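I opened this notebook to keep track of what I looked up, one entry at a time. Each entry takes up one part of the structure and stays with it before moving on.

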Amino acid sequence: MSFAYGHGPLVLRDVELEVERGEFVAIAGPNGGGKTTLLRLVLGLEEPASGQIELAAERLAYLPQRAQAGVDAPVTVRELVAAGRAPRARFLGPLRQADREAVREAIERVGLETQADRRLSTLSGGQQQRAFIAKALAADPELLVLDEPTTGVDVEAQESLAALLEQLHRELDVTILYVSHEFGAVERFVERIVLVRGEVVFDGAPADLPGVWHDPSHAHA
Amino acid sequence: MLDLEFMRLAFGAGIVVGLLAPAVGFFLVQRRLSLIGDGIGHVAFAGVALGYLLNLPLVLTALAVSIAGALSIETLRARRTAAGDQALALVFYTGIAGGVVLVSAAGALNVNLFQFLFGSILTVTRSDLAVIAGLGAAALLLIALLYRLLVAVVVDEEGARVAGLPVSLLNALTAALAAVTIALSMRVVGILLIAALMVLPVIAAARIAWSMRSTMVLAMGIGLASVLTGITVAYYADLPPGGTTVLVAAAAVLVAEPIGALRR
Ligand SMILES: Nc1ncnc2c1ncn2[C@@H]1O[C@H](COP(=O)(O)OP(=O)(O)OP(=O)(O)O)[C@@H](O)[C@H]1O
Ligand SMILES: [Mg+2]
């Protein structure tokens with residue numbers, strides 16, 4: 001599969017990736033390497049210029065990079081997370097009790113229960129990021145796509161996100177694509193890492209990473 | 001004042017439009033499409049002109065042409081063939097130019113176009129009110145039923161699309177609702193001012209409110225209060241009701257600013 005924006009140069013060249021259900025795939029690479037683009041292609045938000053993408057999962061959730069920047073509506077944390085639940089709930093009328101419960105649970109998982117009814121814009125950047133993580137979780141996704149979810153999130157919250165992802169991955173068989181420059185707490189259970197720099201330059205177990213690339217954020221070598 | 005039939009009809013139409021315009025405007029403002037109402041208003045003008053030319057009911061031709069215009073703005077925007085504001089500009093100017101050409105072709109440049117440009121709520125008839133109330137209630141019901149889905153699109157359009165919500169359909173529906181609102185509101189505040197009634201109450205409400213839902217409810221309250229105050233003041237002070245209504249809504253924004261600052 002290859003891709004270019006409009007008539008621009010190829011941003012991704014001959015990418016071939018196969019991800020099994022329930023896999024946890026860490027994706028790293030330099031700025032502009034095409035990580036976000038790859039995720040958008042997987043999610044069907046962009047069409048490949050050549051080649052094809054097949055998706056077996058039906059329930060998808062996407063946490064975009066810098067998600068907070070796109071929202072200036074007077075939305076509360078609970079309303080935001082409820083929006084994530086919308087595809088799982090009935091389409092018309094108010095939210096059912098079971099769905100409200102799922103929303104509350106997702107908010108608890110990211111530790112925002114005391115801020116649940118505050119406006120998103122009054123929270124810190126890291127708290128906003130956590131609210132978006134809760135929004136993605138509320139959809140009970142089969143495929144969870146996270147683009148730099150821990151940017152601006154403190155170590156403690158990174159730890160609890162890692163624990164949560166590990167649980168989703170192990171117990172619920174959720175497939176996770178996780179883009180980051182720094183895997184931190186997630187590192188201990190990453191089984192597969194993909195380095196993207198205009199093409200896939202590495203795809204394998206973290207232990208097999210060539211020495212020069214060992215810090216995934218410095219994959220320029 | 002209320003013993004006069006035309007005033008009762010004016011208040012009836014005003015109540016519907018005062019509630020509906022901010023309810024639809026709410027979703028436009030949150031999607032940063034505040035000016036779409038203006039664009040559709042200009043298209044509605046072409047619709048009115050077409051009605052004169054074909055000798056058809058003006059509200060119906062305005063409604064049909066507005067919906068067509070709203071859907072083309074939405075299509076151009078969604079396909080990204082043009083940036084949002086360029087799509088708007090294209091439809092905006094085509095509408096007003098088309099209107100001028102059609103009106104002069106109909107030999108109607110001297111007719112009461114002024115009524116449509118600036119509103120003429122005091123000339124609302126019983127059958128007008130029936131149309132306004134019927135379509136207005138249907139539009140409000142639709143918004144109430146689809147509220148959660150519309151909010152999901154507003155807070156994260158791509159996320160909603162990825163999750164499988166019918167985003168394009170919901171966006172087209174919002175555009176169509178805006179067109180209906182404008183066609184119904186022409187008589188109340190006029191084509192040139194209708195967008196103000198869709199946008200200003202929402203801006204005022206967002207300054208004070210603490211959530212999406214409270215913003216929506218408050219905006220509808222401010223819209224309603226603006227229309228009722230506007231008509232009443234206009235009646236006693238002998239002012240144009242449309243302009244007076246919009247000035248009241250603008251004042252609401254000015255008042256909301258310090259209240260919002262105090263709350264924070
Ligand atoms: N909307 C767009 N239009 C045109 N070019 C784009 C667009 N988005 C990204 N690009 C280009 O595509 C390339 C890959 O960008 P992408 O955002 O996928 O990189 P990334 O790996 O996610 O980078 P980062 O680490 O900074 O998030 C870059 O060269 C960028 O300039
Ligand atoms: Mg990126």
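**Helices on the sheet of chain A**

I began with helix 1 of chain A (residues 35-42), which lies across strand 3, strand 4, strand 5 (143-147), strand 6 and strand 7 (192-196) of chain A and runs at about 155° to strand 5 of chain A. I note here that I am reading a predicted model. I then looked up helix 4 of chain A (residues 125-137), and found that it lies across strand 4 and strand 5 of chain A, running at about 170° to strand 4 of chain A.

**The sheet itself**

I next asked in what order the strands of this sheet in chain A follow one another. The six strands form an open sheet in the order 4-5-6-3-7-8, and the pairing is mixed. Strand 4 (60-63) and strand 8 (200-204) of chain A stand at the edges; each has a single partner strand, so one side of each is left without a neighbour in the sheet. From one strand to the next, I find that the twist averages 10°.

**Two pairings in chain A**

For a parallel pair I took strand 3 (residues 24-28) and strand 6 (residues 175-179) of chain A, which are joined by four bridges. Within this part of the sheet I looked up A:Val25, whose bridge partner in strand 6 of chain A is A:Leu177.

For an antiparallel pair I took strand 7 and strand 8 of chain A, which are also joined by four bridges. These two strands form a hairpin with three residues between them, and A:Gly198 in the turn has a positive phi of about 80°. Looking across the hairpin, I find A:Ile193 opposite A:Gly204, the latter in strand 8 of chain A.

**Chain B: a surface patch**

Turning to chain B, I looked for nonpolar side chains on the surface, and found a patch formed by B:Leu4, B:Phe6, B:Leu122, B:Tyr235 and B:Tyr236, with about 460 Å² of accessible area together. I followed up B:Leu122, which sits in the loop between helix 5 (113-118) and helix 6 (126-155) of chain B. Is B:Leu122 buried or partly exposed? I recorded B:Leu122 as partly exposed, because its relative accessible area is 37% and the partly exposed class runs between the 20% and 50% limits.

**Chain B: a residue in helix 4**

My last entry concerns B:Val101, which lies in helix 4 of chain B (residues 84-105). B:Val101 counts as exposed because its relative accessibility is 55%, and exposed means over 50%. I also looked up the separation between B:Val101 and B:Leu129, which are 28 residues apart along the chain, and found 30 Å between their C-alpha atoms.

Conventions
Residues numbered from 1 in each chain as written. Chains lettered and ligands numbered in written order. Predicted model: local features only at pLDDT ≥ 70, side-chain atom pairs only at ≥ 80, totals over all residues. Heavy atoms only, no water. Patch = residues over 30% accessible without salt bridge, like charges linked within 9 Å, V, L, I, M, F, W, Y side chains within 5 Å. Areas by Shrake-Rupley, 256 points an atom, 1.4 Å probe, with all protein chains shown as cover. Salt bridge = Lys/Arg side-chain N within 4 Å of Asp/Glu carboxyl O. Buried < 20%, exposed > 50% of the residue type's maximum accessible area, 1.4 Å probe, protein only. Pairing = 2+ DSSP bridges. Axes fitted to C-alpha atoms, helices over the stretch in contact; angles between N-to-C directions. Contact = heavy atoms within 4.5 Å.
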